[in-house]
Amino acid sequence: MPPKKYSKKKLASFKKSIEAKLDDVEHDLDDIKENLDHNTRGTASMSQDSVYSVHMADAGTDSYEREKGYHFMNRETDYYKYLTKALERIADGTFGICGICEELIPEERMMEVPNATKCVQCKENDKLNI
Ligand SMILES: [Zn+2]
């Protein structure tokens, strides 16, 4: 029987890919924050005259953009936490092991869903039980 654990080498390559994703998310978050800061400052520093000249439609678009930015930021923050959890799993040795049947979760799935804690079969069974 094959050992129900990923080799150190495999774990190292998972770790590398997760860290690369974390890097991307960090950059995205920085960009979003910068945009939001910029938008907020822009509105706050507007003189009375320019407030009058702003069309309602423009103002609407601005707040829509901001809302979209916050929404995106929340999603990215969640993803960030999720990737961090995956790294913790690598550290404590539970990464890639199904929490129910204790079988190894296929590599492709772990690459796609690094935070997965169940294999596809167990996930399907779970759905049927609900
Ligand atoms: Zn399973």
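**Exercise 1. In which helix does Leu-29 lie, is Leu-29 buried, partly exposed or exposed, and what is Leu-29 in contact with?**

*Solution.* The structure is a predicted model, and the steps below should be read with that in mind.

Step 1. Leu-29 belongs to helix α1.

Step 2. Since a residue counts as buried at 20 or more other C-beta atoms within 10 Å and as exposed at 12 or fewer, Leu-29, which has 16 of them, is partly exposed.

Step 3. Once neighbours within four places in sequence are left aside, the contacts of Leu-29 are with Met-73 and Glu-76. The C-alpha atom of Leu-29 is also 9.3 Å from that of Asn-74, a residue 45 positions away along the chain.

**Exercise 2. Determine where Tyr-79 is placed, and how far the C-alpha atom of Tyr-79 is from that of Lys-21.**

*Solution.* Step 1. Tyr-79 sits in helix α3.

Step 2. The C-alpha atoms of Tyr-79 and Lys-21 are 9.5 Å apart in space, although 58 residues separate the pair in sequence.

Step 3. Tyr-79 has 17 other C-beta atoms within 10 Å and is therefore classed as partly exposed.

**Exercise 3. Describe the largest nonpolar core and identify which parts of the chain supply its residues.**

*Solution.* Step 1. The largest nonpolar core has 12 residues in all, among them Tyr-6, Phe-14, Ile-18, Leu-83, Ala-86, Phe-95, Ile-105 and Cys-119.

Step 2. Helices α1 (8–44) and α3 (56–92) each provide at least two residues of this core, and α1 gives the most, with 3 residues.

Step 3. In terms of domains, at least three core residues come from each of domain 1 (18–43 + 55–93) and domain 2 (96–130).

Step 4. Taking Ala-86 as one member of the core, its contacts, apart from residues up to four places away in sequence, are Ile-18, Phe-95, Pro-114 and Asn-115.

**Exercise 4. Compare Glu-102 and Pro-106, both placed in the loop between α3 and α4, by their exposure.**

*Solution.* Step 1. Glu-102, with 10 other C-beta atoms within 10 Å, is exposed, whereas Pro-106, with 13 C-beta neighbours inside 10 Å, counts as partly exposed. The upper limit for an exposed residue is 12, so the count of 13 places Pro-106 in the partly exposed class.

Step 2. For the backbone, note that Glu-102 has a positive phi of about 65°, although Glu-102 is not a glycine.

Step 3. For the relation to the N-terminal part of the sequence, note that Pro-106 and Tyr-6 are 100 residues apart along the chain, while their C-alpha atoms are 9.9 Å apart in space.

**Exercise 5. Summarise the architecture of the chain, and state which element has the lowest mean pLDDT.**

*Solution.* Step 1. The chain contains 5 helices and 0 strands, so that, read from the N terminus on, its elements follow the order α-α-α-α-α.

Step 2. Of the 130 residues in the chain, 12% are buried. Among contacts with a separation of 6 or more, 65% join residues 24 or more positions apart.

Step 3. The average pLDDT of the chain is 85, and 81% of the residues score at least 70.

Step 4. Helix α2 (residues 48–53) has the lowest mean pLDDT among the elements, 52, and helix α4 (residues 107–112) has the highest, 93. Where pLDDT is low, predicted coordinates should not be read in detail.

Terms used
Residues are numbered from 1 along each chain as its sequence is written. This is a predicted model: local features need pLDDT of at least 70, side-chain atom pairs count only at pLDDT 80 or more; totals for chains, interfaces and linings use all residues. A nonpolar core is a set of buried Ala, Val, Leu, Ile, Met, Phe, Trp, Tyr and Cys residues joined through C-beta atoms within 7 Å. Helices (H or I, at least four residues) and strands (E, at least two) are DSSP runs, numbered from the N terminus. Domain bounds come from an automatic or database domain assignment. Two residues are in contact if their C-beta atoms, placed from the backbone, lie within 7 Å. pLDDT is the predictor's confidence in each residue, from 0 to 100.
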